Amino acid sequence: MFRLDKKVALVTGAGSGIGAAIARVFASQGAQVIVADVQGDAAETVSAAIREAGGLASAQPLDVTNEGQVTTTFQAIVPRYGHLDIVVNNAGVSHVGTILETSVADWERVLRVNAFGVFLCAREAVRQMLAQQPSGGNIINIASVAGLIGVESRFPYSTSKGAVISMTRSIAMDFV
């Protein structure tokens, strides 16, 4: 496998599912994991399980669509942990429906979490990773094949994941 000793990793949407699994694996490989989730109690449950298994983890309530919360969270990482090495933008939601079955509210909710949230967290991660010494780090944005080929009755989800793919490429080009 791989080792992440002395690495600090923030994982969004880590209170359940894929995010929780990523947090557990990173911790098992030696990383200090910040388990971030809009559901603070879920983040605490996952981080407690990681600690019980001998890993290093802390819970961080975080709404990735709230610019103030995102900025505050990222600004607090270095004073607390010394550096930030890895950010996994995993938080996401879906909606079942075609364009005709998607309300403006559904569209905005999916795009705010899946695309805007990635934008906010990636922006703050880049800022932090460039400012710290030594500079650098890794940002992992979780997308989907739906963003490349589309998926039936997943109109806003496919659109949002296409945006994540494009954002990831743009960030990589600008900061390689």
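Is E124 buried or exposed? In this predicted model, E124 counts as buried, because its relative accessibility is 5%, and a residue is called buried when that value is under 20%. The side chain of E124 nevertheless takes part in a salt bridge, in which it meets the side chain of R127 with a distance of 2.8 Å from N to O. The two residues are three positions apart in helix α4, so that about one helical turn separates them. R127, in contrast to its buried partner E124, is partly exposed, with a relative accessible area of 48%.

Helix α4 also contributes to a second salt bridge, this time with another helix. E67 pairs with R123, and the closest N and O atoms of the two residues lie 2.8 Å apart. This pair links distant parts of the chain, since E67 belongs to helix α3 (residues 67-81) and R123 to helix α4, with their positions 56 residues apart in the numbering. Both partners are partly exposed, E67 having a relative accessible area of 43% and R123 one of 22%. Taken together, E67, R123, E124 and R127 are linked in a network of salt bridges.

A search of the whole structure finds five salt bridges, and one of them is formed by D5 and R3, whose closest N and O atoms are 2.7 Å apart. With a relative accessible area of 43%, D5 is partly exposed, whereas R3 counts as exposed, because its relative accessibility of 52% lies over the limit of 50%.

The surface was also examined for groups of nonpolar side chains. M1, F2 and V25 form a nonpolar patch there, and the accessible area of these residues together is about 330 Å². V25 is located in helix α1 (residues 17-28). The relative accessible area of V25 is 34%, so this residue is described as partly exposed, and it can be counted in a patch because the value is over the 30% that patch residues need.

Attention then turned to the interior. Rolling a probe the size of a water molecule over the atoms shows where empty space is left. In this structure, one cavity of 30 Å³ or more is present, and the volume of the largest cavity is about 30 Å³. Its lining is made up of T12, V64, N89, A91, V113, G117, V118 and C121. Helix α4 (residues 104-131) supplies the largest share of this lining, namely four residues. By character, the lining residues of the largest cavity divide into five that are nonpolar and three that are polar, while none is charged. Helix α4 thus appears in two parts of this description, as a contributor to the cavity lining and as the helix that holds E124 and R127.

The backbone was considered next. Most residues other than glycine have a negative phi, and most peptide bonds are trans. Against this background, the peptide bond from Q133 to P134 is cis, with an omega near -5 degrees. P134 is placed in the loop between α4 and β5 (138-141). A positive phi is found at K6, where the angle is about 65 degrees although the residue is not a glycine. K6 lies in the segment before β1 (8-11), and at 73% relative accessibility this residue counts as exposed. S153, which is likewise a residue other than glycine, has a positive phi near 60 degrees. The position of S153 is in the loop between α5 (146-149) and α6 (155-175), and with a relative accessible area of 24% the residue is partly exposed.

A further loop residue is V38, which is found between β2 (32-37) and α2 (40-52). V38 is exposed, because its relative accessible area of 54% is over 50%. Along the chain, V38 and N114 are 76 residues apart, and a distance of 13 Å separates their C-alpha atoms.

Notes:
Residues numbered from 1 in each chain as written. Predicted model: local features only at pLDDT ≥ 70, side-chain atom pairs only at ≥ 80, totals over all residues. Heavy atoms only, no water. 1 Å grid on protein atoms, 1.4 Å probe; cavity = no way out; pocket = protein on both sides within 12 Å on 5 of 7 lines; lining within 4 Å. Points joined across faces, edges and corners; volume = space filled by probe spheres on them. Nonpolar A, V, L, I, M, F, W, Y, C, P; charged D, E, K, R; others polar. Patch = residues over 30% accessible without salt bridge, like charges linked within 9 Å, V, L, I, M, F, W, Y side chains within 5 Å. Areas by Shrake-Rupley, 256 points an atom, 1.4 Å probe, with all protein chains shown as cover. Salt bridge = Lys/Arg side-chain N within 4 Å of Asp/Glu carboxyl O. Buried < 20%, exposed > 50% of the residue type's maximum accessible area, 1.4 Å probe, protein only.
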